[in-house]
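Open the model in your viewer, switch to a cartoon view, and keep the selection tool handy. We will go step by step, with something to select at each stop.

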Amino acid sequence: MEFKVSDMSCGGCANAISKAIAKLDPAAKVQIDVAAKTVKVESALNLGQISHAIEHANFHPVVIAP
């Protein structure tokens, strides 16, 4: 699944998002492109759970691809 996170602006933001997802699913594969403001996730969790994790890190994800 892929998200656009427009309010992600630096490596610290990316780290916060990665940690929030890893808390829920330590086995998740997370790829973050800060310049493109995208977060790609491979996880057993569903779209809503990943979206909520990103929101919990104080960011506002928009689904690009489920």
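Two strands count as paired here if DSSP finds at least two bridges between them. With that in mind, select Glu 2, which stands opposite Lys 40 in strand 3. Keep in mind throughout that you are looking at a predicted model.

**The whole chain**

Zoom out before going further. The protein has two helices and four strands, and along the sequence they follow the pattern β-α-β-β-α-β. The C-alpha trace spans about 25 × 20 × 20 Å along its principal axes. How does the radius of gyration of the protein agree with that of a compact globule? A compact globule of 66 residues would have a value near 11 Å, and the protein has 10 Å, which agrees. Buried residues make up 32% of the 66 residues. Of the contacts between residues at least 6 apart in sequence, 64% join residues at least 24 apart.

Now select residues 1-62. UniProt lists this range as "domain: HMA", in an unreviewed entry. Over this range the chain is 39% helix and 26% strand, and the C-alpha atoms at its ends are 11 Å apart.

**Strand 1 and its partners**

Select strand 1, residues 2-5, and show the side chains. Which residues lie on the covered face, and which on the uncovered one? Phe 3 and Val 5 form the covered face, while Glu 2 and Lys 4 form the uncovered one. In a regular strand the side chains alternate between the two faces of the sheet.

Next, add strand 3 to the selection. Strand 1 and strand 3 pair in the antiparallel sense over three bridges, and the Glu 2 and Lys 40 positions from the opening stop face each other here. Then add strand 4, residues 61-65. Strand 4 also runs antiparallel to strand 1, with four bridges joining them. To find your place in this pair, select Lys 4, which stands opposite Val 62 in strand 4.

**The hairpin**

Move on to strand 2, residues 29-33, and strand 3, residues 38-42. These strands pair in the antiparallel sense over five bridges. Lys 29 makes a good landmark, standing opposite Glu 42 in strand 3.

Four residues lie between the two strands of this hairpin. Select Lys 37, in the loop between strand 2 and strand 3. Lys 37 is not a glycine, yet its phi is positive, about 60 degrees. Is Lys 37 buried, partly exposed or exposed? With a relative accessible area of 26%, Lys 37 is partly exposed.

Step along to Thr 38, which is found in strand 3. Thr 38 is buried, with a relative accessible area of 13%. Leaving out residues up to four places away in sequence, Thr 38 touches several others, including Phe 3, Met 8, Ile 32 and Ile 64. Show those side chains together with Thr 38 to see these contacts.

**Helix 2 and its buried side**

Select helix 2, residues 47-56. Begin at its start, where a side-chain oxygen of Asn 46 reaches to within 3.0 Å of the backbone nitrogen of Gly 48.

Which residues of helix 2 are buried? They are Ile 50, Ser 51, Ala 53 and Ile 54. These residues cover an arc of only 155 degrees around the axis, which puts them on the same side of helix 2. An α-helix has 3.6 residues a turn, so residues three or four places apart point the same way. Turn the view to see what covers the buried residues: the cover includes strand 1, helix 1, strand 3 and strand 4.

Now follow the chain out of helix 2 to Asn 58, in the loop between helix 2 and strand 4. Asn 58 has a positive phi, near 75 degrees, and is a residue other than glycine. At 64% relative accessibility, Asn 58 counts as exposed.

**Last stop: helix 1**

Finish with helix 1, residues 11-24, and select Lys 19, which is found there. Is Lys 19 buried or exposed? Lys 19 is exposed, with a relative accessible area of 54%. Add Ala 57 and draw a distance between the two C-alpha atoms: they are separated by 8.6 Å, although Lys 19 and Ala 57 are 38 residues apart along the chain.

Definitions and conventions
Residues are numbered from 1 along each chain as its sequence is written. This is a predicted model: local features need pLDDT of at least 70, side-chain atom pairs count only at pLDDT 80 or more; totals for chains, interfaces and linings use all residues. Side-chain values use heavy atoms; hydrogens and water are left out. UniProt positions are given in the numbering used here, feature names are shortened, and annotations may be inferred rather than shown by experiment. Buried means under 20% relative accessible area, exposed over 50%, partly exposed in between (1.4 Å probe, protein chains only). The arc is that of the directions from the helix axis to the C-beta atoms. Contact means heavy atoms within 4.5 Å. A polar contact is a pair of N or O atoms within 3.5 Å; within protein, one must be able to donate a hydrogen and the other to accept it, and residues adjacent in sequence count only if both atoms are side-chain atoms. The radius of gyration is taken over C-alpha atoms; the globule rule is 2.2 Å times the number of residues to the power 0.38.
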